[in-house]
Amino acid sequence: MINKNKLLKSIHLILALIVLLWIDAGIFSYITSEISIIIRLSIYLVWLLIAVVSDKKYTTTLLRITLPLLSFIAIMKLSLLFTNNSNINGYINNCFYIFMVTSIFIYYMNKDKGSKKIILFTLLIDIIYVGINTLIKLNENDMLARILTTSAENQEKILEGIKYKAIGSFSYCYGLVMILLVMIDYLFAKKDKAIIVNIIDIIIIALFIELLFKAQFMIAIILFVMFFIKILLDKLLKGKKVMYICSICVLILTIIFLPMILGKLAEIDGISVGIKEKIIEIKDAMEGNNRESTDLNGRMDLYTKSINSFFNNIFVGSFGEDTVRTSFYIFRFLRTLWIVVEFIVNILY
């Protein structure tokens with residue numbers, strides 16, 4: 001006879017996996033259009049109900065941890081009374097997705113390692129599949145990841161109505177930076193793993209790094225390189241004082257010689273045209289030769305506009321007007337990535 005508790009636990013875990021795969025928008029994206037949003041939300045609500053009933057402390061912990069997020073959602077809902085900015089509804093929806101991921105993480109945080117490993121393995125398979133699929137499609141169109149980051153109207157115009165599924169774009173690549181750093185650090189930390197496991201890890205890491213550079217999101221590449229160097233210094237220099245001194249020296253030398261380093265990088269044949277252009281833009285800007293028509297200059301204008309908007313509306317806010325959407329995306333993904341990292345660390349260590 002099947003144990004009822006084990007059966008309920010298995011069903012509960014399957015529901016959690018469905019929700020996570022839906023939000024991850026990888027393999028699940030092939031069937032997303034076939035399942036209405038009402039059914040998807042119902043699956044999550046059933047999962048949440050089981051979680052609340054099965055764990056008496058869960059509700060208190062969930063509300064305590066997510067109170068800032070829920071307060072932020074309430075503030076945005078309130079702001080709708082004073083503005084008709086359509087972007088706010090999109091921000092609220094994104095915050096609810098963050099809440100859903102957070103609620104699942106909180107529930108399984110202190111549960112058995114078996115459930116956590118199943119979740120981690122499922123998400124890893126999903127991420128790897130999206131990575132391979134994206135690499136294949138980028139070989140056909142090297143700007144595809146960037147195109148899929150733009151508006152639906154722009155995608156329709158450029159891609160001529162072709163619909164792509166399970167392709168990593170902006171959010172995927174920025175998430176990939178954190179995943180890569182965790183995987184590299186774990187590879188260095190675990191000395192007792194089997195050789196075949198290390199080989200598989202290296203292959204996956206190499207695949208992700210290639211994808212990161214082919215997708216041509218420059219800030220993601222810069223973040224990865226910076227923190228990869230930090231991990232290397234941390235592993236090579238065991239003493240903290242020595243590490244900090246060497247890190248400062250490397251930073252100073254990098255700043256001094258960065259224009260020259262960027263110039264040499266731009267001459268490498270294997271680097272894509274898009275990345276070369278951005279490297280040259282940064283090099284020119286550091287040398288005081290900033291051109292008005294460059295993407296870098298345009299972004300700096302937008303960031304300046306966003307910062308000014310914040311300082312001009314500190315107490316009442318700007319209701320999303322005159323701000324840069326990228327600023328919200330960075331907040332959103334850093335928050336989500338922090339949740340993912342805590343979950344992975346909780347499993348591995």
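In this predicted model, tyrosine 129 counts as partly exposed, because its relative accessibility is 33%, between the limits of 20% for buried and 50% for exposed. Tyrosine 30 also falls in the partly exposed class, with a relative accessibility of 38%. These two residues make a good starting point for a look at the aromatic pairs, of which the structure holds 12. The ring centres of tyrosine 30 and tyrosine 129 lie 6.2 Å apart and the ring planes stand at 70°, so the pair is edge-to-face. Distant parts of the chain are linked in this way: tyrosine 30 sits in the loop between helix 1 (4-24) and helix 2 (37-54), while tyrosine 129 belongs to helix 5, 99 residues apart.

A second edge-to-face pair is formed by tyrosine 107 and tyrosine 108, with 4.9 Å from centre to centre and 85° between the planes. Here both tyrosines, 107 and 108, are buried. They also take part in one aromatic cluster, made up of Tyr44, Trp47, Tyr58, Tyr107 and Tyr108.

Helix 5, home to tyrosine 129, also packs with another helix. The axes of helix 5 (residues 113-140) and helix 8 (residues 170-189) come within 12 Å and cross at roughly 125°. Helix 5 is therefore oblique to helix 8, and the crossing of the two is left-handed. On the helix 5 side, Ile127, Val130 and Gly131 meet Tyr172, Leu176 and Ile179 of helix 8. Sorted by class, this contact has five nonpolar residues, one polar residue and no charged residues.

Methods:
Residues are numbered from 1 along each chain as its sequence is written. This is a predicted model: local features need pLDDT of at least 70, side-chain atom pairs count only at pLDDT 80 or more; totals for chains, interfaces and linings use all residues. Side-chain values use heavy atoms; hydrogens and water are left out. Axes are lines fitted to C-alpha atoms, for helices over the stretch in contact, and angles run from 0 to 180 degrees between N-to-C directions. Helices (H or I, at least four residues) and strands (E, at least two) are DSSP runs, numbered from the N terminus. Angles under 35 degrees count as roughly parallel, over 145 as roughly antiparallel, 65 to 115 as roughly perpendicular and the rest as oblique. A crossing is left-handed if the near helix is turned anticlockwise from the far one by less than a right angle, and right-handed if clockwise. Contact means heavy atoms within 4.5 Å. Ala, Val, Leu, Ile, Met, Phe, Trp, Tyr, Cys and Pro count as nonpolar, Asp, Glu, Lys and Arg as charged, and the others, Gly among them, as polar. Rings of Phe, Tyr and Trp (its six-membered ring) pair if their centres lie within 6.5 Å; planes under 30 degrees apart count as stacked, over 60 as edge-to-face and the rest as tilted. Buried means under 20% relative accessible area, exposed over 50%, partly exposed in between (1.4 Å probe, protein chains only).
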